[in-house]
Amino acid sequence: KLQPSDAILVRGISRPKYYILHDEIVLDGKLGAGAFGQVWRGKFWRKNEAKDVAIKRLNHGKSGKEILRGFVKEAKLVQKLNHPNLIRVIGIAPTEEPLMIILELAKNGCLKNYLHNLSKKEKRVEDEILIGFCLDMARGMAYLAAKMIIHRDLAARNLLLGEKMEVKISDFGLSECGKIEARATKIKVPIRWLAPESIDTLIFTTKSDVWAFAVTMWEIFSMCASDPFPGLTNRQAKDIIRDKSKNPPMDPPNETPKQMAKLMVECFERNVEERPGFAEIMRKLAPENEDLN
Ligand code: ACK
C-alpha cells in the first residue's frame, strides 16, 4: 500500500512518485540505441520544475502484461537506490507505448566511449584518474552488494560519467533485488565478462560481479581500446574462462600500475570463496592505501 510520503497527486489521482506520465516528459535529442530500444536526453516536468533526464524508450512489442508487471516491480525496487556512483532511476512511464524508464542524466556520457576515443588518438589518461574510475565503480558496487543486489552486466559500456567525471554505474535492467543468486532468463549474456562458475550455469552472484569488475578494470587500464580477449571469438574466450590452468584468464595490460594489476588478478580468483568482496576491493583502492605494499 502506498505511503503518503511516497505518493504524489497528479490530476487528482494519487500515484507513486516514480510513476511518470508521458506528457511529463519532453524529448530533446537521441543519445544512442541498444537492443532494448533507444536512449534520449530530455526533461522531466513536474510541479513547474524541469529536470534534465535520460530516457530509455523500450521497443514496442515487448510490453506484454507479464513484462509490464516485471518492469513496474523492478522500477519500484531500483528507484529506492541512492548513491553518487549509481545512476538514479527517477521513474517509469508505463501507461503508454513506448514504455519509458526515466534516469538521472550523466552529463559526460559513457566511460567506454570517452576512453576509447582518446585511445584512438593515442592518448592516455593519467593512472590516478583511471584508479579513481575503479574506486568509484567499487563504491557503487559495494553499495549494491550491501543491498543484496546483483548487477549481472558490469562492464565499461555500463559506466557513465557525471558532471565531475565521476563514474556512475548504470543499467540495472538485468539486476535482481533480494536474491543471493539470480539465474539469467535471457539467452543473450555478456560472455567475455562472465565468471567461470556462471558460464555453464548462468547463475550470478555478487562474486560473479567481482569477476566482471576485474574484466572492467582490464578495459579501463587498456583505455577501452578493444573488448576483452581481443582477436578471439566468443567460443575461444569461453574456453579460456573455463580453463582452470589459465590464471589469470587475461593478463593485466602492460601499462597497469602494479597495485592495480595485483588487485585485478585477485578478483580473477577462480575459487569463489577466496575471491574478495567489494568492501575489501574498495579498501584496497582507497587513496589512503595507495602506499601499502
Ligand atoms: O556516450 P554516450 O552518450 O552515453 O552514448 C551512450 C548512449 O546513451 C547509448 O547507451 C548514453 N546514455 C545512456 N544512459 C545515459 C544516461 N543515464 N545519461 C546520459 N547518457 C546516457 C550513453
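How many nonpolar, polar and charged residues make up the shell around the ligand? In this predicted model, the shell divides by class into nine nonpolar residues, five polar ones and one charged residue. There are 15 residues around the ligand in total, and those that come nearest are Leu-31, Gly-32, Ala-54, Gly-109 and Cys-110. Two elements each give two or more residues to this shell, namely strand E3, spanning 25-33, and strand E7, spanning 100-104.

A good place to look next is Lys-56, a position covered by the annotation "binding site" in an unreviewed UniProt entry. Lys-56 belongs to strand E5, which runs over residues 49-58. Its surroundings are well populated: Lys-56 counts as buried because 22 C-beta neighbours fall inside 10 Å, and a residue needs 20 or more to be classed that way. Leaving aside residues up to four places away in sequence, Lys-56 touches Phe-36, Gly-37 and Val-39, and also Met-100, Ile-101 and Leu-103.

Pro-230 offers a contrasting view. This proline is found in the loop that links helix H5 (206-221) with helix H6 (234-242). Pro-230 is exposed, since 11 other C-beta atoms lie within 10 Å, and the exposed class takes in residues with 12 or fewer. Relative to Ala-54, which is among the residues that come nearest to the ligand, Pro-230 is 176 residues away in sequence and 31 Å away in space, taken from C-alpha to C-alpha.

Notes: Residues are numbered from 1 along each chain as its sequence is written. This is a predicted model: local features need pLDDT of at least 70, side-chain atom pairs count only at pLDDT 80 or more; totals for chains, interfaces and linings use all residues. Helices (H or I, at least four residues) and strands (E, at least two) are DSSP runs, numbered from the N terminus. UniProt positions are given in the numbering used here, feature names are shortened, and annotations may be inferred rather than shown by experiment. Two residues are in contact if their C-beta atoms, placed from the backbone, lie within 7 Å. A residue is near a molecule or strand if its C-beta atom, placed from the backbone, lies within 6 Å of it. Ala, Val, Leu, Ile, Met, Phe, Trp, Tyr, Cys and Pro count as nonpolar, Asp, Glu, Lys and Arg as charged, and the others, Gly among them, as polar.
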